[in-house]
Amino acid sequence: MLALVLDYGLRPEQLSPGWHLVLPGAAVFGGFLALGAGLALGVTLAWSRA
């Protein structure tokens with residue numbers, strides 16, 4: 001969710017990734033949700049193997 005807030009909330013529009021221009025809002029949200037889930041899973045697996 002941090003990436004979503006940074007990309008679309010705090011950055012100027014000229015620096016945003018632009019996904020919202022070609023995808024529906026739900027798809028952009030889903031993409032960020034999947035990114036967060038993948039990062040969380042990766043960290044969990046890395047910690048469990050350490």
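**Exercises on a predicted three-helix chain**

Gly 18 sits in the loop that joins helix H1 (2-10) to helix H2 (19-22); helices (H or I, at least four residues) and strands (E, at least two) are DSSP runs numbered from the N terminus. The model is predicted, so local features need pLDDT of at least 70 and side-chain atom pairs count only at pLDDT 80 or more, while totals for chains, interfaces and linings use all residues. Residues are numbered from 1 along each chain as its sequence is written, and side-chain values use heavy atoms, with hydrogens and water left out.

**Exercise 1. Classify Gly 18 as buried or exposed.**

Step 1. Recall the classes: buried means under 20% relative accessible area, exposed over 50%, and partly exposed in between (1.4 Å probe, protein chains only).

Step 2. Gly 18 has a relative accessible area of 16%, so Gly 18 is buried.

Step 3. For its place in space, take Trp 47, which is 29 residues from Gly 18 along the chain: the two C-alpha atoms are separated by 34 Å.

**Exercise 2. Apply these classes to Gln 14, Phe 29 and Ser 48.**

Step 1. Gln 14 belongs to the loop between H1 and H2. Its relative accessibility is 71%, and therefore Gln 14 counts as exposed. Its C-alpha atom is separated by 15 Å from that of Leu 4, ten residues apart along the chain.

Step 2. Phe 29 is part of helix H3. With 41% relative accessibility, Phe 29 counts as partly exposed.

Step 3. Ser 48 is also found in helix H3. A relative accessible area of 56% makes Ser 48 exposed. Between the C-alpha atoms of Ser 48 and Val 22, 26 residues apart along the chain, the separation is 38 Å.

**Exercise 3. State which residues Phe 29 touches, not counting residues up to four places away in sequence.**

Step 1. Contact means heavy atoms within 4.5 Å.

Step 2. Under the stated exclusion, Phe 29 touches Met 1 and Leu 4.

Step 3. Within the sequence, Leu 39 is ten residues from Phe 29, and their C-alpha atoms are 15 Å apart in space.

**Exercise 4. Identify the residues of the nonpolar surface patch that includes Val 5.**

Step 1. A patch is made of residues with over 30% relative accessible area and no salt bridge, where like charges are joined within 9 Å and nonpolar side chains (Val, Leu, Ile, Met, Phe, Trp, Tyr) within 5 Å. A salt bridge is a side-chain nitrogen of Lys or Arg within 4 Å of a carboxyl oxygen of Asp or Glu.

Step 2. Val 5 lies in helix H1 and is partly exposed, at a relative accessible area of 45%.

Step 3. The patch consists of Leu 2, Val 5, Leu 6 and Leu 10, which together have about 400 Å² of accessible area (Shrake-Rupley method, 1.4 Å probe; for residues, only the protein chains shown count as cover).

**Exercise 5. Explain why the protein chain is described as more spread out than a compact globule.**

Step 1. The protein chain has three helices and zero strands, in the order α-α-α along the sequence.

Step 2. Its radius of gyration is 14 Å, well over the 10 Å that the globule rule gives for 50 residues, so the chain is more spread out than a compact globule. The radius is taken over C-alpha atoms, and the rule is 2.2 Å times the number of residues to the power 0.38.

Step 3. The C-alpha trace spans about 40 × 20 × 10 Å along its principal axes, and buried residues make up 10% of the 50 residues.
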